Amino acid sequence: MTVMLDGQKVGRFHATRDVQNGQVLTAQTLDLRLNRVKTPMVIHTALGATESTTGVPLGFSSQSGEVSGSGQVSAQRRDDGAFQVDRILHGQATVGLMAWPEGALLPEGQRLATVSHGFKPGTSYALRVFEPSRQQVGNLRVTVVGDEWVDLPGGKERLHHLQQRLDGSGDAQLTETWVDDEGIVRRSLAPLMAFRIDMAACDASCANAPDQDVDILRAAMVASPRELPGAQRTVPMRYTVSVRGQRPNPLVNTDEQRVTDLGGGNYQVDIGFAPDLGPGGEPGPTIEDTAANPWVQSSTPEIRAMALKIVGDAKSDAQRMRRLRSYLTYYINKTALDVGYGSALDTLASRRGDCTEHAVLFAALARSLGIPTRVVSGLVYNDRFGGANRVFVPHAWVQAWLDGYWVSFDSAQGIFDTTHIALAVGDGDPWRFFASTTALGSIHVERAEPLEAAMNVTLPGVLRPDLVRKALDALFWSPGGSGTR
């Protein structure tokens with residue numbers, strides 16, 4: 001397959017299916033070459049699967065060659081049904097056992113399930129897809145659209161059109177696929193940041209043709225209506241945001257951000273500091289905010305030891321979070337835009353990355369200390385970034401549960417301010433970050449002003465002027481001025 005981003009070639013995909021001795025061996029490789037502000041980002045992933053001819057999982061493997069330097073995973077089914085999982089990460093080998101998730105399918109099982117449900121328009125069914133690189137399951141809702149003639153590089157083919165939605169993500173993770181009578185994918189369309197990624201079956205010369213330069217970060221920037229001076233970034237702010245193209249609301253309410261639907265795709269976004277804004281009504285932590293996962297590896301000895309070293313004799317969770325923030329700002333000593341989305345252990349070893357690596361490692365360190373922490377993805381204002389002036393750029397930071405509020409910390413920027421606009425919160429899994437960025441091409445910031453100046457009319461139940469005045473007084477009359485934030 002050739003891989004294109006809004007019509008520009010950025011990579012290649014190759015899949016093989018081989019039947020040997022009653023087993024089906026599947027191998028898939030994906031190579032992408034993208035730019036982030038003129039910095040090349042090269043991603044290589046290889047997945048393998050061994051299944052019976054009826055789709056029973058027997059083994060899997062994963063290898064990532066992303067610049068962040070990931071590792072290898074291989075697993076084989078034992079006689080007792082458990083899978084022995086061998087991992088190599090940064091040269092260190094580990095062995096563990098895992099129970100196979102009920103109903104989860106590898107590629108051959110997915111293909112057989114697709115064929116068995118048939119291709120009658122309107123047919124809908126659930127599919128549990130196992131992801132070898134993360135050892136996690138994605139729950140998909142598949143809907144048959146119908147048969148269509150589809151343009152491919154080698155000519156037109158009549159194929160079955162399917163829609164696949166990841167549970168809980170709405171259209172943010174909607175993939176359009178076209179398969180043949182054997183359930184083999186011949187074309188797919190999926191969102192990636194402000195783009196659409198298009199994979200189409202073709203011959204080797206087409207797939208291996210030279211890639212083009214596509215800057216995904218520049219396309220995801222959102223222009224600011226005006227300059228936001230440093231002093232304004234430390235007081236509550238009000239933004240008017242429009243979302244074009246009949247998209248659902250991409251903004252989220254947090255204890256620091258209140259979103260009001262003005263109708264017609266327009267939203268009022270008030271951003272301040274918890275608890276200055278008063279209770280936001282957000283629920284407390286869930287198990288996902290405290291547990292380790294394949295990206296936020298908070299249960300590993302390396303993460304735990306580093307966290308304890310950093311926080312030292314800190315007496316409160318707030319103080320521990322401040323020490324972690326200060327340490328990480330300097331520990332990740334090279335901003336690397338060529339890293340796609342590194343895990344906590346990746347970043348711990350490499351000390352390289354950008355905001356996502358900061359946030360994921362930050363969350364892992366905090367959770368290892370028992371502090372509920374989640375990763376926030378959204379936008380942050382920059383006076384100048386990548387050659388552009390006065391723009392909001394995609395960004396990630398963390399929120400910790402402190403004294404009954406979700407409180408933000410940003411180790412990449414060094415400080416959390418009120419130019420941080422939240423689009424999603426999650427456990428650190430990259431799909432939430434990339435899902436939140438699919439609306440960026442449709443988001444426009446129409447107005448931005450300090451909240452006090454905007455509050456000639458009191459908004460019941462949103463923000464109280466006395467609390468805004470409290471925040472302003474603390475800013476201008478406390479020793480150190482704006483630096484106290």
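Leu-365 touches Ile-303, Met-306, Ala-307, Ile-310, Leu-324 and Leu-328, leaving aside residues up to four places away in sequence. This is a predicted model, and Leu-365 is a good place to enter it.

Leu-365 is among the residues with the most contacts inside the largest nonpolar core. That core has 36 residues. Ile-303, Met-321, Leu-324, Leu-361 and Phe-409 also rank among those with the most contacts inside it. Several elements each supply at least two residues of this core: helix H4 (301-311), helix H5 (317-331), helix H6 (344-350), H7, strand E22 (388-402) and strand E23 (405-409). H7 gives the most, with 9 residues. Apart from this core lies another, of 22 residues. Its members include Ile-271, Tyr-381, Phe-392 and Ile-421. In soluble globular proteins, nonpolar side chains tend to be buried together.

Now take helix H7 itself. H7 covers residues 355-368. How far should its 14 residues span? At 1.5 Å a residue, the expected span is 20 Å. The end C-alpha atoms of H7 are 20 Å apart, so the model agrees with that expectation. Is H7 enclosed or open? Of its 14 residues, 14 are buried, so H7 is largely enclosed by the rest of the structure. Just after H7, Gly-370 takes a positive phi of about 85°.

Next comes the packing of H7 against H4. Two packed helices are described by the angle between their axes and the distance between the axes. For H4 and H7, the angle is about 80° and the axes are 8 Å apart. Angles of 65 to 115 degrees count as roughly perpendicular, so H4 is roughly perpendicular to H7. On the H4 side, the contact is made by Ile-303, Arg-304, Met-306, Ala-307 and Ile-310. On the H7 side, Leu-361, Ala-364, Leu-365 and Ser-368 make it. Leu-365 itself touches Ile-303, Met-306, Ala-307 and Ile-310, among others.

Helix H6 holds Leu-345. Is Leu-345 buried or exposed? Its relative accessibility is 12%, so Leu-345 counts as buried. Leu-345 and Glu-357 are 12 residues apart in sequence. In space, their C-alpha atoms are 9.8 Å apart.

Finally, the cysteines. Cys-355 has 10% relative accessibility, so Cys-355 counts as buried. Cys-202 has a relative accessible area of 24%, which makes it partly exposed. How many disulfides does the model contain? With sulfur atoms required to lie within 2.5 Å, the count comes to 0.

Note on methods
Residues numbered from 1 in each chain as written. Predicted model: local features only at pLDDT ≥ 70, side-chain atom pairs only at ≥ 80, totals over all residues. Heavy atoms only, no water. Helix = DSSP H or I, 4+ residues; strand = E, 2+ residues; numbered from the N terminus. Expected span 1.5 Å × (residues − 1). Buried < 20%, exposed > 50% of the residue type's maximum accessible area, 1.4 Å probe, protein only. Core = buried A, V, L, I, M, F, W, Y, C linked by side-chain atoms within 4.5 Å. Contact = heavy atoms within 4.5 Å. Axes fitted to C-alpha atoms, helices over the stretch in contact; angles between N-to-C directions. Parallel < 35°, antiparallel > 145°, perpendicular 65-115°, else oblique.
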